[in-house]
Amino acid sequence: MPHIDNDVKLDFKDVLLRPKRSTLKSRSEVDLTRSFSFRNSKQMYNGVPIIAANMDTVGTFEMAKVLCKFSLFTAVHKHYSLHQWQEFAGQNPDCLQYLAASSGTGSSDFEQLEQILEAIPQVKYICLDVANGYSEHFVEFVKDVRKRFPQHTIMAGNVVTGEMVEELILSGADIIKVGIGPGSVCTTRKKTGVGYPQLSAVMECADAAHGLKGHIISDGGCSCPGDVAKAFGAGADFVMLGGMLAGHSESGGELIERDGKKYKLFYGMSSEMAMKKASEGKTVEVPFKGDVEHTIRDILGGIRSTCTYVGAAKLKELSRRTTFIRVTQQVNLIFSDAH
């Protein structure tokens, strides 16, 4: 007999943050850096906890070079060779503390990961990424990677429920990626009918992780700086961005010119483009946005403003000062193209 959970589950578009009295004079006073100590690796992290997603078109070395200047993090996609890694490490030693090397569960993926981490010991983060973090196979894989790399900080996902967050943390992961289907080029919900509204997923998974001294990444579903702020407000320790960082000079993907306009290709990691067989991703053309630095300043400025509206002097205080109000409409669309 199928079961229906009648509790309301919410997405970023279903809420707004309630403003509160604040003593902050301007958004420049807000501190966006966070410090974490990870449960299993015992490593320390210090930086602005926004991560470029480990997608071919986003998690590039070019992106990492710019993001690390802002103390932002990049989960580097798994298609760079060992030689490319070594070359990047030699030229950009200061960036390595803000990088994760990515791997799927395949044996060739894992061998490549081992080679990279052995050759470049300054890289201390591993991003283990599968479309379905619920498989027993994935849990075993996380245990194996933890055994092989006891001191590395492991990000693992994706999942959307508290019990799986707990299982992955107890299996050796430090930071759990939360999100199934909210990404702009993810078709999981359409193809499979599986998913979970992102705001509720983050709230429930953060609660489960923090109870075990673990951490979470809200992965997917952010379409504007306000969504990033909502993810932090909901309890996310890190927020991972794909679509918002796509379409820039530093993004991977082809630059196409048509009718005097420029576009860049952006695709999901299970798309035909990424693996020549379409399963859970699609390819889109994103209008070319120029240098990613402008977008980053826009995102950081937006989060700082959110903090001033709710009276949080530090990003760390944002979730404690957050009250979400349920809404039926986010913005007035009268002058938009959608109207």
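Buried means under 20% relative accessible area, exposed means over 50%, and partly exposed lies in between, with a 1.4 Å probe and protein chains only. Helices (H or I, at least four residues) and strands (E, at least two) are DSSP runs, numbered from the N terminus.

These legends accompany a predicted model, where local features need pLDDT of at least 70, side-chain atom pairs count only at pLDDT 80 or more, and totals for chains, interfaces and linings use all residues. Residues are numbered from 1 along each chain as its sequence is written, and side-chain values use heavy atoms, leaving out hydrogens and water.

**View 1. Helix H8 is a mostly covered helix.** Helix H8 spans residues 225–233, and 8 of its 9 residues are buried. Start at Pro225, then look for Asp227, Val228, Ala229, Lys230, Ala231, Phe232 and Gly233, which complete the buried set of H8. Just after H8 comes Gly235, with a positive phi of about 115°.

**View 2. Arg148 pairs with two glutamates, Glu114 and Glu118.** Side chains of opposite charge can pair when their charged atoms come close. Here a salt bridge is a side-chain nitrogen of Lys or Arg within 4 Å of a carboxyl oxygen of Asp or Glu. Arg148 and Glu114 meet this way at 2.6 Å, N to O. That pair links distant parts of the chain, with Arg148 in helix H4 (residues 136–148) and Glu114 in helix H3 (residues 107–119), 34 residues apart. In the salt bridge between Arg148 and Glu118, the closest N and O atoms are 2.4 Å apart. Again distant parts of the chain are linked, since Arg148 belongs to helix H4 and Glu118 to helix H3, 30 residues apart. Arg148 counts as partly exposed because its relative accessibility is 33%, while Glu118 is exposed, at 52%.

**View 3. Asp219 and Lys177 form a buried pair.** The salt bridge between Asp219 and Lys177 has its closest N and O atoms 3.5 Å apart. Two strands are linked here: Asp219 sits in strand S10 (residues 215–219) and Lys177 in strand S9 (residues 175–178), 42 residues apart. Back at the residues of View 2, salt bridges with shared partners join Glu114, Glu118 and Arg148 into one network. For the whole model, the salt-bridge count comes to 11.

**View 4. Cys68 and Cys95 are joined by a disulfide.** A disulfide is a pair of cysteine sulfur atoms within 2.5 Å, and the count by this rule is 1. Between Cys68 and Cys95, the S to S distance is 2.2 Å. Cys68 lies in helix H1 (residues 61–69) and Cys95 in the loop between helix H2 (82–91) and strand S6 (99–103), so the disulfide ties together parts that are 27 residues apart in sequence. Cys68 is buried, with a relative accessible area of 14%, and Cys95 counts as buried too, at 5%.

**View 5. Cys222 is in no disulfide, and neither is Cys307.** For Cys222, the nearest cysteine sulfur belongs to Cys224, 7.7 Å away. Cys222 counts as buried because its relative accessibility is 12%. For Cys307, the nearest cysteine sulfur is that of Cys222, 14 Å away. Cys307 is buried as well, with a relative accessible area of 0%.
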